[in-house]
Amino acid sequence: MTDKLTGTEREAVLERLSQHGWDLDGDRDAITRTFKFKDFNAAFGFMARVALWAEKLDHHPEWSNVYNRVTVTLTTHDAGGLSAKDVTLADHIDALA
Ligand SMILES: C[C@H](O)[C@H](O)[C@H]1CNC2=NC(N)=NC(=O)C2=N1
């Protein structure tokens, strides 16, 4: 079982990740970021690389793709909100983009 971030951890994480374009997803305890690529091929290549990391981490994004755009939302379903796993995956995703 994965624990949700505490209030202070959450504040610090949101502050740091917001500098890379991550935002809270409305009223949900989730973060979201939209990535834009040159074309569909580049977007899908990114998704394939993220998918391999997600499997490795056993932590999976909610996402959607329209042509060259990929919107990624991260939250921990088992915890009912943000956990350290979302932060780890967000950092990997930023490095892959
Ligand atoms: C059984 C498996 O480990 C769990 O269902 C994992 C898989 N991937 C997951 N991904 C996300 N985003 N949240 C989870 O709670 C989660 N749980």
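This section describes the sheet, the helices packed on it, selected residues and the ligand site of a predicted model.

The sheet is open and consists of four strands in the order 1-2-4-3, with antiparallel pairing. Strand 1 (23–24) and strand 3 (62–66) occupy the edges; each has a single partner strand, so one side of each is left without a neighbour in the sheet. Strand 1 is joined to strand 2 by two bridges, and the two run antiparallel. Within this pairing, Leu24 has Ile31 of strand 2 as its bridge partner. The two strands form a hairpin with six residues between them, and Gly26, in the turn, has a positive phi of about 60 degrees.

Strand 2 (residues 31–36) also pairs with strand 4 (residues 69–74), in the antiparallel sense and over six bridges. Several residue pairs mark the course of this pairing. Ile31, already named as the bridge partner of Leu24, stands opposite Leu74 in strand 4. Arg33 has Val72 of strand 4 as its bridge partner, and Thr34 stands opposite Thr71 of that strand. As a general feature, side chains in a regular strand alternate between the two faces of the sheet.

On its other side in the strand order 1-2-4-3, strand 4 pairs with strand 3, again in the antiparallel sense, over five bridges. Here Asn65 stands opposite Val70 in strand 4. Strand 3 and strand 4 form a hairpin with two residues between the strands, in which Tyr67 takes a positive phi near 50 degrees.

Two helices are placed against these strands. Helix 2 (residues 40–57) lies across strand 2, strand 3 and strand 4, and runs at about 165 degrees to strand 3. Helix 3 (residues 84–96) packs on the sheet as well, where it touches strand 2 and strand 4. The direction of helix 3 makes about 160 degrees with that of strand 4.

The loop between strand 2 and helix 2 contains Lys38, while Asn68 lies in the loop between strand 3 and strand 4. Although Lys38 and Asn68 are 30 residues apart along the chain, their C-alpha atoms are separated by 6.3 Å. Lys38 counts as exposed because its relative accessibility is 70%, above the cut-off of 50%. Asn68, in contrast, has a relative accessible area of 12% and is therefore buried, the limit being 20%. Leaving aside residues up to four places away in sequence, Lys38 touches Tyr67 and Asn68. With the same exclusion, Asn68 touches Phe35, Lys36, Phe37, Lys38, Asp39, Phe40 and Ala43. One of these residues, Asp39, takes part through its side chain in a polar contact of 3.2 Å with the side chain of Lys38.

Thr2 is found in the segment before helix 1 (7–18). This residue counts as buried because its relative accessibility is 15%. Its contacts, with residues up to four places away in sequence not counted, are Thr76, Ala79, Ser83 and Lys85. The side chains of Thr2 and Lys85 are joined by a polar contact of 3.5 Å. Lys85 belongs to the range of helix 3 (residues 84–96), and Thr76 is also among the residues that surround the ligand.

The complete set of residues surrounding the ligand comprises Asp58, His59, His60, Thr75, Thr76, His77 and Asp78. Polar atoms of three of these residues can be placed relative to the ligand. A polar side-chain atom of Asp58 lies 2.4 Å from an oxygen atom of the ligand. An N or O atom in the side chain of His60 is 2.8 Å from a nitrogen atom of the ligand. For Asp78, a backbone N or O atom lies 2.8 Å from an oxygen atom of the ligand. Taken alone, the ligand exposes 390 Å², of which the protein buries 65%.

Methods. Residues are numbered from 1 along each chain as its sequence is written. This is a predicted model: local features need pLDDT of at least 70, side-chain atom pairs count only at pLDDT 80 or more; totals for chains, interfaces and linings use all residues. Side-chain values use heavy atoms; hydrogens and water are left out. Two strands pair if DSSP finds at least two bridges between them. Contact means heavy atoms within 4.5 Å. Axes are lines fitted to C-alpha atoms, for helices over the stretch in contact, and angles run from 0 to 180 degrees between N-to-C directions. Buried means under 20% relative accessible area, exposed over 50%, partly exposed in between (1.4 Å probe, protein chains only). A polar contact is a pair of N or O atoms within 3.5 Å; within protein, one must be able to donate a hydrogen and the other to accept it, and residues adjacent in sequence count only if both atoms are side-chain atoms. A residue is near a molecule or strand if one of its heavy atoms lies within 4 Å of it. Accessible areas come from the Shrake-Rupley method with a 1.4 Å probe; for residues, only the protein chains shown count as cover.
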